[in-house]
Amino acid sequence: MTESAFSDPDHRIAHIDLDEETIIWRNADIEQERRIAIFDLIEENTFKPLRAVERGADGPYHLTLAVRDGRLLMTIANTEGEMVEELLLGLARFRRPIREYFAICDSYYQAIRKATANEIETIDMARRGVHNQAAELLLERLEGKIETDFATARRLFTLICVLHIKG
């Protein structure tokens, strides 16, 4: 990541959509996670699609996330809706972190209903750890394609997880 990605307010996501056909089912907890991730992402993010910028594309960007044939499809458009880049990322390396994240989130949601504060805190620390590792992996996979920051990668990983929910 270069400093230029963080100094230009146009290199950001202004709008994000999830491919609703990809999402089969969401419960209330997951829907809340989705809403928070999107809100936080739009409020503050760094997102610079390098190849599109090299071709003269300007931000801010509209991002659509979908899963196609086991790969993450990131469709990046400008504010006029013109596509500036499509990026496909293999998701094989994300399968385990996604599974672990779902398992720990399930434990967390159950714990907040009946566990002690210490138990909830322990589960939440584990959840953050898995989330942070997955964000680091996403940063690694985006290297040379999209410049972004850790907080943006964390929120994008949350949305990638939402796309993987099967009823």
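1. Accessible surface. In this predicted model, the chain exposes an accessible surface of about 9,000 Å². Carbon and sulfur atoms contribute 48% of that area. Of the 167 residues, 46% count as buried.

2. Architecture. The chain contains 6 helices and 6 strands. Read from the N terminus, the order of elements is α-β-α-β-α-β-β-β-α-α-β-α. With regard to contacts at a separation of 6 or more, 66% are made between residues 24 or more positions apart.

3. Strand β6 and Thr148. Strand β6 covers residues 146-148 and includes Thr148. The relative accessibility of Thr148 is 1%, and because buried means under 20%, this residue counts as buried. A polar atom of the Thr148 side chain lies 2.5 Å from the backbone oxygen of Thr46. The polar side chain of this buried residue therefore has a polar atom of Thr46 at that distance.

4. Length of helix α6. Helix α6 comprises the 14 residues 150-163. Its end C-alpha atoms are 20 Å apart, which agrees with the 20 Å that the helix should span at 1.5 Å a residue.

5. Burial of helix α6. Which residues of α6 are buried? They are Thr152, Ala153, Leu156, Phe157, Thr158, Leu159, Ile160, Cys161, Val162 and Leu163. The helix is thus mostly covered, with 10 of its 14 residues buried. In an α-helix there are 3.6 residues a turn, so residues three or four places apart point the same way. In α6, the buried positions include the consecutive run Leu156, Phe157, Thr158, Leu159, Ile160, Cys161, Val162 and Leu163.

Notes. Residues numbered from 1 in each chain as written. Predicted model: local features only at pLDDT ≥ 70, side-chain atom pairs only at ≥ 80, totals over all residues. Heavy atoms only, no water. Helix = DSSP H or I, 4+ residues; strand = E, 2+ residues; numbered from the N terminus. Buried < 20%, exposed > 50% of the residue type's maximum accessible area, 1.4 Å probe, protein only. Contact = heavy atoms within 4.5 Å. Areas by Shrake-Rupley, 256 points an atom, 1.4 Å probe, with all protein chains shown as cover. Polar contact = N/O pair within 3.5 Å; in protein donor to acceptor, adjacent residues only side chain to side chain. Expected span 1.5 Å × (residues − 1).
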